[in-house]
Number of protein chains: 2
Amino acid sequence: MVVKVITIGQKILGANEEKARANKKRLDERGILTVNIMSSPGAGKTSLILSTIKHLRKKSRIAVIEGDVASSVDADKVNELGIPVVQINTAGGCHLDAAMVEMGLNDLPLEKIDLLFVENVGNLICPNNYALGEDRRVMISSLPEGDDKPYKYPAMFADTDVVVLNKVDLQPYLDFNEAAFRKVVTGLNPDVIIFPVSCKTGEGMAAWFSWLEAAVNGKRDK
Amino acid sequence: MVVKVITIGQKILGANEEKARANKKRLDERGILTVNIMSSPGAGKTSLILSTIKHLRKKSRIAVIEGDVASSVDADKVNELGIPVVQINTAGGCHLDAAMVEMGLNDLPLEKIDLLFVENVGNLICPNNYALGEDRRVMISSLPEGDDKPYKYPAMFADTDVVVLNKVDLQPYLDFNEAAFRKVVTGLNPDVIIFPVSCKTGEGMAAWFSWLEAAVNGKRDK
């Protein structure tokens, strides 16, 4: 039997780009490296941010904009570390956009920040279509999601600067084929940097910290 | 420090409901039980559908509508089992809607179907807002996603008939607190049925099969 495939037309996105450029200019003027963190729900965005805050906070002044459909559980965790944080609740919206990030920026002490994490809503689709004014796009893919995710959500893998491949501590209990995953991801995105890590055990995190620190310093020294 | 929370206004959804009612009527007339399967990417929608096909296919005539942003990898797996399947590629769209399902129905042999699975796009947010004409909503939540997901994506947990709690075989390697998860889910949705399962090992699947079989028979005998 031949599988019938129906393809639905895509909407054109508009005015968000302009707002994103304004955010970028505002952040550039202050030398703030801004990182848009995207992933499926539960892949480890907040874990990555919390681990990175603990490691880098002595060297860099960090702040966070947290995007969620509801609740402030993630922002509360960041707040416990004494880091400036704004929670954006999208009330059903499946991604952050540049206007929401602008509202977040208005509530942060921008003159005292070197590194801004924007934790997007957990979603592998729409966040990719909305520039926020970020310098770097980082997506997290976690082993339990399976090695076929780049086939099914190719745009996000194609457009990201970094893939953090999280939960490598679970490899012995899963069928995840890292070589197959890397092959598809680099096919979509030849320049991507892949960091296999476990936010839980700390495995592989040093390489991620080094990359990020170099990017923060590069932006500040510009 | 008090966490600043910004809440974004929500759009009102419109004409989809009418189309969904038309789909429902069409499916009701043929006594087809239609199940809308929703989850995060990689939680196990396709695994659940494939396991269920293998178990129930001798008793019920099954068909599948597969929703994905791109690719037909899931539909290909269903097709290998010799089950009628239509792949809907949303080309960036983050959910199925009733019009897409209508297109799928036009390509399926409705007179020969007792049970129709509609596998939604992997997303814990938007699919919940789009009725498709289904009889039952089933969402899958998997242990590696963490027990805090009901706080962050409450609408989907509140509106579903069933939560399949998948990947229980990974419990020894995770910090997932099932009691805490159940407490939040039943707080949002007192009538929900929760099936802890492992699609990989088969643990817990018998209860899910029994529930589904009873629903299929109930619809057919109406």
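## Two helices crossing

Angles of 65 to 115 degrees between axes count as roughly perpendicular. Keep that range in mind for a pair of helices in chain A of this predicted model. Helix α2 (residues 45-56) of chain A and helix α8 (residues 205-220) of chain A have axes that cross at roughly 70 degrees, so α2(A) and α8(A) are roughly perpendicular to each other. Their axes come within 11 Å, and the crossing of α2(A) past α8(A) is right-handed.

Who does the touching? On the α2(A) side you'll find Ser51(A), Thr52(A), His55(A) and Leu56(A). Across from them, α8(A) brings Met205(A), Phe209(A), Leu212(A) and Glu213(A). Sorted by class, this contact has 4 nonpolar, 3 polar and 1 charged residues.

## Where the chains meet

Now for the two chains together. Chain A puts 54 residues in contact with 54 residues of chain B. Several elements of chain A supply at least two residues each to the side that touches chain B, including β1 (4-7), α3 (73-80), α4 (98-106) and α6 (154-159). The largest share of that side comes from β4(A), with 5 residues. By class, the side of chain A that touches chain B has 27 nonpolar, 18 polar and 9 charged residues.

## How the copies are related

What rotation superposes chain A on chain B? A turn of 180 degrees does it, with 0.0 Å of shift along its axis and an RMSD of 0.0 Å. That is the relation of a two-fold axis. What's more, 100% of the interface residues of chain A are also interface residues in chain B, so the copies meet through the same surface.

How values were computed. Residues are numbered from 1 along each chain as its sequence is written. Chains are lettered from A and ligands numbered from 1 in the order in which they are written. This is a predicted model: local features need pLDDT of at least 70, side-chain atom pairs count only at pLDDT 80 or more; totals for chains, interfaces and linings use all residues. Two residues are in contact if their C-beta atoms, placed from the backbone, lie within 7 Å. Helices (H or I, at least four residues) and strands (E, at least two) are DSSP runs, numbered from the N terminus. Ala, Val, Leu, Ile, Met, Phe, Trp, Tyr, Cys and Pro count as nonpolar, Asp, Glu, Lys and Arg as charged, and the others, Gly among them, as polar. Axes are lines fitted to C-alpha atoms, for helices over the stretch in contact, and angles run from 0 to 180 degrees between N-to-C directions. Angles under 35 degrees count as roughly parallel, over 145 as roughly antiparallel, 65 to 115 as roughly perpendicular and the rest as oblique. A crossing is left-handed if the near helix is turned anticlockwise from the far one by less than a right angle, and right-handed if clockwise. Copies are superposed by least squares on the C-alpha atoms of residues with pLDDT of at least 70 in both.
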